[in-house]
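The following exchange asks on what grounds certain structural terms are applied. Each reply sets a computed value against the rule for the term.

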Amino acid sequence: VSAADAVGSVAPVPDLVGKRVVRIASGMFHCTAITAQGELYSWGAGAGGQLGHGDDCGSTRPLLVRALRTHRRRAITAAGGRAHTLALTTDGTLLAWGRAAHGQLGLAVGAGSIADALEPRPVRAIPGPHMMRQLAAGEAHSIALTADGVLFAWGSAHGGRLGTQAAPKGGGVCAC
């Protein structure tokens, strides 16, 4: 076992050395890093598709989330849940991917139908034009704060975590 693999050791992430990382986020089983150029890298467990690489495989090394580059989007912030990830891009698009069992992606595809996403997809469930400022993700829920101070929450309402009295149906989004 190398020193870098030992429990409790601290070492640079080799594949990101030399890149100017400006933002980081961690989910329960995965991590993300965003560079000054808006490239988003992810690594860790991928069984829920939370890495955004188009599959459900894990990676022990940071890999570029290529779908952002394909769609000419640059990430500015990200958040990780248990098995899902959120990202905000420079054009104001809120993206989500990974496991969607509780509607935590905000990507409801029909009456009560919720689908996982293996690559970033735009969250279109938030009503009206809003510029997002901050994101957070929990085990099975997500929240986003707009520039004008409106807080949106979606996913599992278990334990009151959405801050709403009723659970949204089918992955809907509630304004708090």
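Q: What makes strand 7 mostly covered?
A: Five of the five residues of strand 7 are buried, where buried means under 20% relative accessible area, exposed means over 50%, and partly exposed lies in between (1.4 Å probe, protein chains only). Leu94, Ala96 and Gly98 are buried on one side, and Leu95 and Trp97 on the other; both faces of strand 7 are therefore covered. This is a predicted model, in which local features need pLDDT of at least 70 and side-chain atom pairs count only at pLDDT 80 or more, while totals for chains, interfaces and linings use all residues. Residues are numbered from 1 along each chain as its sequence is written, and side-chain values use heavy atoms, with hydrogens and water left out.

Q: Why is Cys31 called partly exposed?
A: Cys31 has a relative accessibility of 27%, and therefore counts as partly exposed. Cys57 is placed in the partly exposed class because its relative accessibility is 42%.

Q: How many disulfides does the rule give?
A: The count is zero disulfides, a disulfide being a pair of cysteine sulfur atoms within 2.5 Å.

Q: On what grounds are strand 7 and strand 8 said to pair?
A: Two strands pair if DSSP finds at least two bridges between them, strands being DSSP runs (E, at least two residues) numbered from the N terminus. Strand 7 (residues 94–98) is joined to strand 8 by three bridges, so the pairing rule is met, and the two run antiparallel. Gly98 stands opposite Ala117, and Ala96 has Arg121 as its bridge partner.

Q: How do you know that strand 6 pairs with strand 7?
A: Strand 6 (residues 84–89) and strand 7 share five bridges in the antiparallel sense; Leu95 is the bridge partner of Ala87. The hairpin of these strands has four residues between them, and Gly92 takes a positive phi near 85° there.

Q: Why are strand 5 and strand 8 called edge strands?
A: The four strands form an open antiparallel sheet in the order 5-6-7-8. Strand 5 (75–80) and strand 8 (117–122) each pair on one side only.

Q: Which classes make up the lining of the second largest pocket?
A: The lining holds five nonpolar, four polar and one charged residue. Ala, Val, Leu, Ile, Met, Phe, Trp, Tyr, Cys and Pro count as nonpolar, Asp, Glu, Lys and Arg as charged, and the others, Gly among them, as polar. Arg124, one of the lining residues, is therefore charged.

How values were computed:
1 Å grid on protein atoms, 1.4 Å probe; cavity = no way out; pocket = protein on both sides within 12 Å on 5 of 7 lines; lining within 4 Å.
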